[in-house]
Amino acid sequence: FIGTAAVVALSGIIRFDLNLVQRAEAFTTYTTFASYLLVTFAFALSLHSDIQNKFGKQAGTIILILIFCGMITSLGRTVIGIAVVLFLISIIFKKITIKTAVITVVATVVICLISFNINKREISERIENPTTLSDRDILIKGAEDLAFKTPVFGFGPLTFHEVFPYSDQFRDKGIG
């Protein structure tokens with residue numbers, strides 16, 4: 001499970017570095033990719049010493065680095081924030097050593113900086129407009145307007161495009 005996540009993370013990073021995608025993703029959307037890596041990252045942190053004992057000292061750290069880089073290059077702010085908190089908690093509870101933590105952070109920063117220098121599109125947009133909500137503000141506004149029109153039964157399946165009042169305001173016209 002954890003080894004597969006490292007391979008998936010590596011494939012996402014490679015696709016990102018080759019400019020095939022705007023945000024790291026493997027075989028699914030970047031959201032699913034990042035969520036999968038986050039769960040696996042938690043397992044990899046908690047089982048770090050077991051991984052080292054079974055596969056060698058560097059294996060556990062390399063896995064952490066790959067998974068962490070995959071999450072960061074997917075640019076999911078919430079996922080990155082949760083991963084950082086999990087990382088800090090694992091240091092506090094001595095699941096990983098300070099040396100491993102430093103190596104992981106330094107290697108992750110170096111790899112991510114290289115990746116972001118290669119693929120600048122999405123990160124440049126986020127730097128220019130850090131408060132962008134990726135159309136979430138429009139979704140929330142529409143949800144507020146529709147919340148009490150049919151609060152119990154809703155509008156039914158596959159009716160988003162017919163009932164949502166602000167579809168024309170989305171940057172991503174494929175939202176459904």
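# Figure legends: close-up views of an all-helix chain

**Figure 1. Overview of the protein chain.** The secondary structure of the protein chain consists of nine helices and zero strands. The model shown is predicted. Read from the N terminus, the elements follow the order α-α-α-α-α-α-α-α-α. Along the principal axes, the C-alpha atoms occupy a box of roughly 60 × 35 × 25 Å. The chain has 176 residues, and buried residues account for 39% of them. The accessible surface amounts to about 10600 Å², and 68% of this surface belongs to carbon and sulfur atoms. Of the contacts between residues at least 6 apart in sequence, 67% join residues at least 24 apart.

**Figure 2. The contact of helix H1 with helix H6.** Helix H1 comprises residues 2-17, and helix H6 comprises residues 98-118. The axes of H1 and H6 come within 8 Å and cross at roughly 35 degrees. On the H1 side, the contact is made by Ile13, Phe16 and Asp17, and on the H6 side by Ser115, Phe116 and Ile118. By class, the residues of this contact are four nonpolar, one polar and one charged.

**Figure 3. The second largest pocket and its lining.** The second largest pocket holds about 180 Å³ of space. Rolling a probe the size of a water molecule over the atoms shows where empty space is left. Which helices each supply at least two residues of the lining? They are helix H3 (48-55), helix H4 (57-73) and H6. The residues that line the pocket are His48, Gln52, Lys57, Gln58, Thr61, Lys94, Lys95, Ile96, Thr97, Lys99, Thr100 and Ile103. Sorted by class, the lining contains two nonpolar, six polar and four charged residues.

**Figure 4. Thr100, a residue of the pocket lining.** Thr100 belongs to helix H6 and is one of the residues that line the second largest pocket. Is Thr100 buried or exposed? Thr100 counts as buried because its relative accessibility is 9%, and the limit for a buried residue is under 20%. Apart from neighbours within four places in sequence, Thr100 is in contact with His48, Thr61 and Leu64. Two of these partners, His48 and Thr61, also appear in the lining of the second largest pocket.

**Figure 5. Ser90 in helix H5.** Helix H5 spans residues 77-92, and Ser90 lies in this helix. With a relative accessibility of 5%, Ser90 counts as buried. When neighbours within four places in sequence are set aside, the contacts of Ser90 are Leu45, Lys95 and Ile96. Lys95 and Ile96 are also among the residues that line the second largest pocket.

**Figure 6. Asn19 and Leu75, two loop residues with a positive phi.** Most residues other than glycine have a negative phi. Asn19 is not a glycine, yet its phi is positive, at about 60 degrees. Asn19 is found in the loop between H1 and H2. Its relative accessible area is 37%, and therefore Asn19 is partly exposed. Leu75 likewise has a positive phi of about 60 degrees without being a glycine. The loop that holds Leu75 runs between H4 and H5. Is Leu75 buried or exposed? Leu75 counts as buried, because its relative accessibility is 6%.

**Figure 7. Glu25 and its surroundings.** Glu25 is placed in the loop between H1 and H2. Glu25 counts as buried at a relative accessibility of 19%, because the class takes in values under 20%. Which residues does Glu25 touch, not counting residues up to four places away in sequence? The partners are Ser11, Gly12, Arg15, Tyr30 and Phe33. Ser11, Gly12 and Arg15 fall within the residue range of helix H1 (residues 2-17), while Tyr30 and Phe33 fall within that of helix H2 (residues 30-46). Glu25 and Ser74 are 49 residues apart along the chain, and their C-alpha atoms are separated by 6.5 Å.

**Figure 8. Ser35 and Val79, a pair separated in sequence.** Ser35 lies in helix H2, which covers residues 30-46. Ser35 counts as partly exposed, because its relative accessibility is 34%. Along the sequence, Ser35 and Val79 are 44 residues apart, and in space the distance from C-alpha to C-alpha is 6.9 Å. Val79 falls within the residue range of helix H5 (77-92).

Notes
Residues are numbered from 1 along each chain as its sequence is written. This is a predicted model: local features need pLDDT of at least 70, side-chain atom pairs count only at pLDDT 80 or more; totals for chains, interfaces and linings use all residues. Side-chain values use heavy atoms; hydrogens and water are left out. Helices (H or I, at least four residues) and strands (E, at least two) are DSSP runs, numbered from the N terminus. Buried means under 20% relative accessible area, exposed over 50%, partly exposed in between (1.4 Å probe, protein chains only). Contact means heavy atoms within 4.5 Å. On a 1 Å grid over the protein atoms alone, a cavity is a set of points where a 1.4 Å probe fits but cannot get out, and a pocket is an open set with protein on both sides within 12 Å along at least five of seven lines; lining residues have an atom within 4 Å of a point. Grid points are joined across faces, edges and corners, and a volume is the space filled by probe spheres set on the points. Ala, Val, Leu, Ile, Met, Phe, Trp, Tyr, Cys and Pro count as nonpolar, Asp, Glu, Lys and Arg as charged, and the others, Gly among them, as polar. Axes are lines fitted to C-alpha atoms, for helices over the stretch in contact, and angles run from 0 to 180 degrees between N-to-C directions. Accessible areas come from the Shrake-Rupley method with a 1.4 Å probe; for residues, only the protein chains shown count as cover.
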